[in-house]
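Hi,

Here is the structure I promised to pass on. Have a look at it first, and my notes follow underneath.

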Amino acid sequence: MADTATPNVIRRADYAPPAFLIDTVALEFDLVPERTVVRNTMRVRRNPDASHASNLELMGEQLEFVSAAIDGAPFANAHAHEHGLTLENVPENFELTLTSICNPAENTTLSGLYVSGGNFFTQCEAEGFRRITYFLDRPDVMATFTVTLRASKADYPVLLSNGNLLEEGDLPDGRHFARWEDPFRKPSYLFALVAGKLVALEERVKSGSGKEKLLQVWVEPHDLDKTRHAMDSLINSIRWDESRFGLELDLDRFMIVAVSDFNMGAMENKGLNIFNTKYVLANPETATDTDFANIEAVVGHEYFHNWTGNRVTCRDWFQLSLKEGLTVFRDQEFSADMAGGATDEAARATKRIEDVRVLRQMQFAEDAGPMAHPVRPESYVEINNFYTMTVYEKGSEVVRMYQTLFGRDGFRKGMDLYFKRHDGQAVTCDDFRHALADANGRDLAQFERWYSQAGTPRVSVRTKYDAAQQRYSVTLTQGYGDAAPAARETQKGPLLIPFAIGLIGKDGADLPLQLEGETKASGSTTRVLDFTQTEQTFTFVNVAQEPLPSLLRNFSAPVIVEYDYSADELAFLLAHDSDPFNRWEAGQRLATRELLTLAGRATTGVPLQLDDSVVAAFARVLTDESLSPSFRELALMLPSEAYLAEQMAESNPAAVHAARQFVRKRLANALRKDWLAVYEKHRTPGAYEATPEASGHRALKNLALSYLAELDDPAEAVRLASAQYDAANNMTDRSAALSALLNAAAANGGSVEAQQALDDFYRRFEKEPLVIDKWFALQATQRGSAQRPVIEIVRKLMAHPAFNLKNPNRARSLIFSFCAANPAQFHAEDGSGYAFWADQVIALDAINPQVAARLARSLELWRRFTPTLRDGMRAALEKVASQVKSRDVREIVEKALA
Ligand code: TRP
Ligand code: ZN
């Protein structure tokens, strides 16, 4: 008997092909919110490549079994149980018809078939299809689907499913139907249906081969004025995949549907992408520049899945990064190309910096804790917990390394071979690696370790200049430092690390690069070293002067580089490195080092001070008009409190907050005139433009405003922010002004101006849920003070009539924002944040385990904190562990406490 207290672990090593295959599926839905009847007719046969099984075991959850028939005759040997349906002694090859009932109205998990805003939606990845009908709900079972939807015509005038519309028409009793057919074989996780009162923005475009395609963005009627940007992003995505990868849209019709209750960002269902409204709806009044950029990225991401995920899918869920890492890489490249084309390196660097910042802040932290896992995990309890930063973001870095090794053309050759070999199949990460290796004639056996080793590699660098011989040697050593226990178990040997390097001369210009053994310097001043051994020395010759190394240019591998730069050297790199990523990186290193020193002092109560040379280095960036505004904004933004806390031997959020605030105030006061000048210079008067240039100006201007709000006397900032708030014609400026007002007032426990703006913001956008999410989030992430702790504000807001725990966006806007994005307030010494966290995880666990498990993760690094905080977090984790029911949350808290 299985021990019910220990959830079952699923292991990659246990993979076995399915005993049966399903070739075709015909689904009929009678859609009624509390009682939807599903009739499912399948062509089933034994899998010639699997060992014999006499019983057919179908997965099913939360279903009411009604009947089974084989080849038209009632079948008595069908037994429904908690996990599905067992059909005993089935024939070799047969038609199976099953009828079952589900309850979409009561489905708060948002997995399977559910009702949101009175409309029907589905979410099947990873294992939601089994909540709709009994099935072999695993990605290596691929079938063609025909779907018939029947529903009340008045209540559900629009009926959508995957593929092409075959017919539609009226039925008796005010009902109607639609029949859809998807010509492509697909796994069940890509099935979708939508039914309800929706309208569409439509566009017809011609694809590369001249075929006409119908594009639709479906939304609730009042949101039609917020669909243009999503449609433009979709058209750009279609064009981009044709030109960069030669991949064409393979259906006559492509639909995007927006839904406000959704667990994640969006879902790539074949021909019928379903999106969180947050990643569809935008106009200048309601959406920030960041929202616009995110929409472009997510629309691209889901569209690109049509080839990387749908046409070629995953054999099993351990291969998730095969589609996710690759598709994130593709969406990152798409956004970079949209911003800067193939050649505008500065514009591309902005995107690269933003992506690396996310990776380092989130994925490195994941790798340092109890959830550390390889890009291709070895085991899981609940697959939904493995849609992680590692699978997505580190997975994307792993794919990027192929491109760094082989160049854009070599990468394209590998992609071409991958599709040639595997179109229509469910495959593995190894299949992808082999395609890249074979297309480029290179053995990538060692590269496999990037898929199987967890933890963040560390590369330490030693350099030596021999003036007499004009030789410069760079010795690289790789290892994992003291990795988290979860990561340590997986480590087997050195990685193939593409390590990009440049050498910079005294005048700030790049030096020519000639490695020992080469006859002349190469044309490029950046060299990608093949770093394959635990320790390896690369010697450059004909180096006329002692250079300063520019290491890991453009972040050529997801590693931590350890090298002892002096503060002066970092300031020099910040001013001169030809690699824009490393220019930014130099500033971050400089700031991180200062901030960690200050945080250390803050823990012991020593007065804080910041060297003038550091202020001067930042002043140079602030006033350097030759740099793009978006780059300056990124360079002047200090590393986040969460990132800094994680770098401490013992995380101390209060000390980090004190240090970071001290530096912000110091930079604000010392450079007051420059911030003001930048604020004035980068205004964007006139109509709102969503271009990268205009958004760069807004970003820099609003960063200036946020620094000005730190001034000892914030009166001027308050005046500017109030005026900006009132005059704003776009959400970027309005929300930045509100945020500045809140923060300027924090030290005094609030201000009239801040309260007025908050009230105005609510009234103005009461009917726009996505904007009200921002209203909650701004308050949850605001700076607090002793007389006005943010937890009290958050508790009050939980009782606000607009708060709703069942809506994931709303829950995230208030609860997650506070627990994960306001560390100094959340980690209050009195444990009030942790008690709140425990209550919310337990409440969410009963509603939506996927969302609860995400929130549960915000305490996973608890062992790394100061003793008082550690004890408080452990107690909260134990409380949650003793009360939660879902497999999702149990896996997280049990791993955290193990
Ligand atoms: N495959 C989706 C993507 O990356 C994400 C996804 C997986 C998802 N499971 C989900 C989205 C559950 C919503 C709900 O694009
Ligand atoms: Zn994806």
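Start with Glu125: one of its polar side-chain atoms sits 2.5 Å from a nitrogen atom of ligand 1. Bear in mind that this is a predicted model, so please read the distances in that light. Glu302 also reaches the ligand, with a polar side-chain atom 2.7 Å from an oxygen atom of ligand 1. Then there is Lys323, where an N or O atom of the side chain is 3.5 Å from a nitrogen atom of ligand 1. Overall, the protein covers 97% of the 370 Å² of accessible area that ligand 1 has on its own.

Who else is around? The shell of ligand 1 counts 14 residues, and those that come nearest are Glu125, Glu268, Glu302, Glu324 and Tyr392. Sorted by class, that shell holds six nonpolar, three polar and five charged residues. As for where they come from, β20 (266-267), α2 (289-304) and α3 (320-340) each give at least two residues to the shell. In domain terms, domain 2 (198-306) and domain 3 (316-452) each contribute at least three.

Now the metal. Which residues coordinate the zinc ion (ligand 2)? His301 and His305 do so, each through NE2, and Glu324 appears twice through OE, with distances of 1.9 to 2.8 Å. Along the sequence, the donor residues of the zinc ion follow the spacing H-x3-H-x18-E. The site of the zinc ion has six donor atoms, and with angles of 47 to 160° among them it comes out as irregular. Note that Glu324 turns up in both places: it is a donor to the zinc ion and one of the residues that come nearest to ligand 1.

Two backbone details are also worth a look. Most residues other than glycine have a negative phi, and most peptide bonds are trans. Against that background, the peptide bond from Glu125 to Ala126 is cis, with omega near -5°. Ala126 belongs to the loop between β11 (119-123) and β12 (142-152), while Glu125 is the residue whose side chain contacts a nitrogen atom of ligand 1 at 2.5 Å. The other detail is Leu110, which is not a glycine but has a positive phi of about 60°. You will find Leu110 in the loop between β9 (93-102) and β10 (112-116).

Cheers

Methods
Residues numbered from 1 in each chain as written. Chains lettered and ligands numbered in written order. Predicted model: local features only at pLDDT ≥ 70, side-chain atom pairs only at ≥ 80, totals over all residues. Heavy atoms only, no water. Near = heavy atom within 4 Å. Polar contact = N/O pair within 3.5 Å; in protein donor to acceptor, adjacent residues only side chain to side chain. Areas by Shrake-Rupley, 256 points an atom, 1.4 Å probe, with all protein chains shown as cover. Helix = DSSP H or I, 4+ residues; strand = E, 2+ residues; numbered from the N terminus. Nonpolar A, V, L, I, M, F, W, Y, C, P; charged D, E, K, R; others polar. Domains from an automatic or database assignment. Donors = N, O, S within 2.8 Å, 3.2 Å for Na, K, Ca; no water. Tetrahedral: all angles 85-135°; square planar, octahedral: opposite > 155°, others 65-115°.
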